[in-house]
Structures are given as C-alpha cells and as structure tokens.
Amino acid sequence: MKMKIKIQFIRKQIQILRVIIQAIFMSGLILAFMPQYNPIGKYLFLTILLLGVFFCGWVCPFGSLQDWTAKLARFLKLPRYQVPDKFQKYLQLARYAFYAFGTLGIAFAFLNARKIFNHDLFAGKLTLTAGIILGLFILASLFIDRPFCNYFCTKGAYYGLFSVLRIFGIARDENKCIHCHLCDKKCPMNIKIEKNKFIRHPNCINCLTCVSVCPKKCISYKLNRNTQATAEKTIH
Ligand code: SF4
Ligand code: SF4
Ligand code: SF4
C-alpha cells in the first residue's frame with residue numbers, strides 16, 4: 001500500500017522534476033558551461049540505445065524553450081492544435097529528409113538548433129537567419145507542441161534513429177487501459193501510445209508526459225521483456 005502511494009506521488013511530481021532539470025541545464029548553459037556544454041550531449045548519446053532519447057525531453061535547451069512556451073500558452077488559454085494523423089505520419093518524416101540533405105552537405109545547417117544553442121548563441125556566431133527561424137518556431141509553439149522537434153530537427157532525427165532499438169521504454173498495460181486517448185492527446189511528439197504496448201517510436205523524447213497523465217496509471221517507463229517486439233510494430 002505504502003509503495004503504491006509512493007509511485008503515485010512520483011507520477012504526479014515527475015513533470016515538476018523534469019521542468020527543474022530542464023531549468024538546471026538551461027541555467028547551466030547560460031551561466032557556466034556555455035560552449036563547453038556539448039560533452040553532456042555526447043555522454044547522454046551513449047545511453048540512447050539502452051534508455052531512449054532523454055536528451056531531448058530533459059536537457060536540450062531549445063526543446064525546453066518550446067515546452068515552456070506551450071505551458072505559457074496553456075496558462076493563457078490560447079487555442080492548441082494537434083496535427084491530424086493523416087498528415088502527421090508524412091510530416092514526421094520531414095526531419096529525416098532534412099537530416100539526409102544536411103548529411104549530404106546540401107543545406108539546412110542553420111536548422112541545427114542544438115549547435116546554435118550550445119555554441120553559436122554564446123560564441124556570438126548566431127546568424128540573423130537562424131535567429132529569426134528559431135524565433136518563429138518558438139512562436140509556433142504557442143499553438144502546437146514542439147514544432148521544431150517534430151518536423152525539422154536533424155539532431156533529433158539522428159538520435160531517434162538510434163533509439164528504435166532501446167531496451168527500456170514506455171510500456172502500456174492493455175488490461176488496465178480504458179482507451180480514453182488522453183496519452184495520445186498530451187504527447188508533445190504526437191505518438192499514438194494507445195495503439196501500442198511498448199513505444200519504440202523514434203520521435204519519443206522520454207518526456208514521460210504519458211506516464212503522468214494516464215488516469216488509470218497503466219503507462220510506465222520500464223524494461224521491455226518482450227524480445228519479439230519489433231520497432232516496426234511501434235511506429236505508426
Ligand atoms: S529534437 Fe532537436 S531541438 Fe528538439 S529537443 Fe531534440 S535536439 Fe533539441
Ligand atoms: S491515458 Fe491511459 S487509459 Fe487513457 S488511453 Fe492512454 S493508456 Fe489508456
Ligand atoms: S510517448 Fe510518452 S514519453 Fe514519449 S514523447 Fe510521447 S508523451 Fe513523451
């Protein structure tokens with residue numbers, strides 16, 4: 001019984017904890033690490049294969065800014081929009097196209113938000129174009145969740161590709177689920193959680209919002225014991 005109460009408490013507080021950690025990394029970036037911030041991303045990158053992309057949900061300053069803008073919009077009761085599924089499944093491929101172009105050295109270097117925030121901004125190298133584009137994405141976050149992360153970020157695409165083999169992830173207990181779709185509606189990366197038992201979607205940023213909002217507490221972050229599960233099964 002005591003254990004149940006404890007888990008429930010953690011579920012409720014986990015988003016507060018996430019905001020605190022995001023703020024620590026943001027202030028660390030601004031006040032202390034500045035251009036030396038990149039090694040943190042490198043160490044976290046090593047964990048992606050095992051744990052998924054915690055960097056995007058808990059550390060990346062541009063991801064945090066989009067989250068906080070969305071919180072402000074909700075506080076101001078601005079209308080929020082979710083991209084319909086029929087468009088989402090194609091649009092979410094866009095960042096992989098940008099990544100491919102970027103990898104070939106053709107274009108889109110200015111869309112590397114992580115580099116801009118971890119280095120260019122504080123090294124005085126932020127170009128006007130990059131600043132305006134990223135500013136527009138912050139404005140767009142007033143109306144849709146994480147627009148840059150969802151459709152444009154080449155770094156997020158790169159991390160996501162490594163995360164599809166993750167061993168720990170988001171698991172849904174089908175027996176307890178009441179199919180209320182709250183998890184789907186609240187997922188900032190528009191992942192269809194309610195259709196899956198275990199999420200290995202490359203867009204998952206491990207924000208654990210789905211864990212916090214599920215009214216039946218049937219979503220958890222845990223080891224996937226089903227070795228037969230494939231990444232394809234979890235990508236919709
Ligand atoms: S997808 Fe890109 S911008 Fe978004 S949190 Fe991840 S690295 Fe940062
Ligand atoms: S929020 Fe929980 S109960 Fe509702 S659909 Fe998602 S998993 Fe099922
Ligand atoms: S599936 Fe859950 S943890 Fe992953 S991005 Fe969506 S809400 Fe966050």
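User: What percentage of the 236 residues in the chain is made up of buried residues?

Analyst: This is a predicted model, in which local features need pLDDT of at least 70, side-chain atom pairs count only at pLDDT 80 or more, and totals for chains, interfaces and linings use all residues. Residues are numbered from 1 along each chain as its sequence is written, while chains are lettered from A and ligands numbered from 1 in the order in which they are written. A residue is buried if 20 or more other C-beta atoms, placed from the backbone, lie within 10 Å of its own, and of the 236 residues in the chain the buried share is 34%.

User: Which helix gives the most residues to the largest nonpolar core?

Analyst: A nonpolar core joins buried Ala, Val, Leu, Ile, Met, Phe, Trp, Tyr and Cys residues through C-beta atoms within 7 Å, and the largest one here holds 34 residues, of which I193 and C210 touch the most other members. Helices are DSSP runs of H or I with at least four residues, numbered from the N terminus. With four residues, the greatest contribution to this core comes from α4.

User: How many charged residues are in the shell around ligand 2?

Analyst: A residue is near a molecule if its C-beta atom, placed from the backbone, lies within 6 Å of it, and 15 residues surround ligand 2, with C177, C180, L182, C183 and C214 the closest. Asp, Glu, Lys and Arg count as charged. Beside ten nonpolar and two polar residues, the number of charged residues in this shell is three.

Key:
A residue is buried if 20 or more other C-beta atoms lie within 10 Å of its own, exposed if 12 or fewer, and partly exposed in between; C-beta atoms are placed from the backbone. Helices (H or I, at least four residues) and strands (E, at least two) are DSSP runs, numbered from the N terminus.
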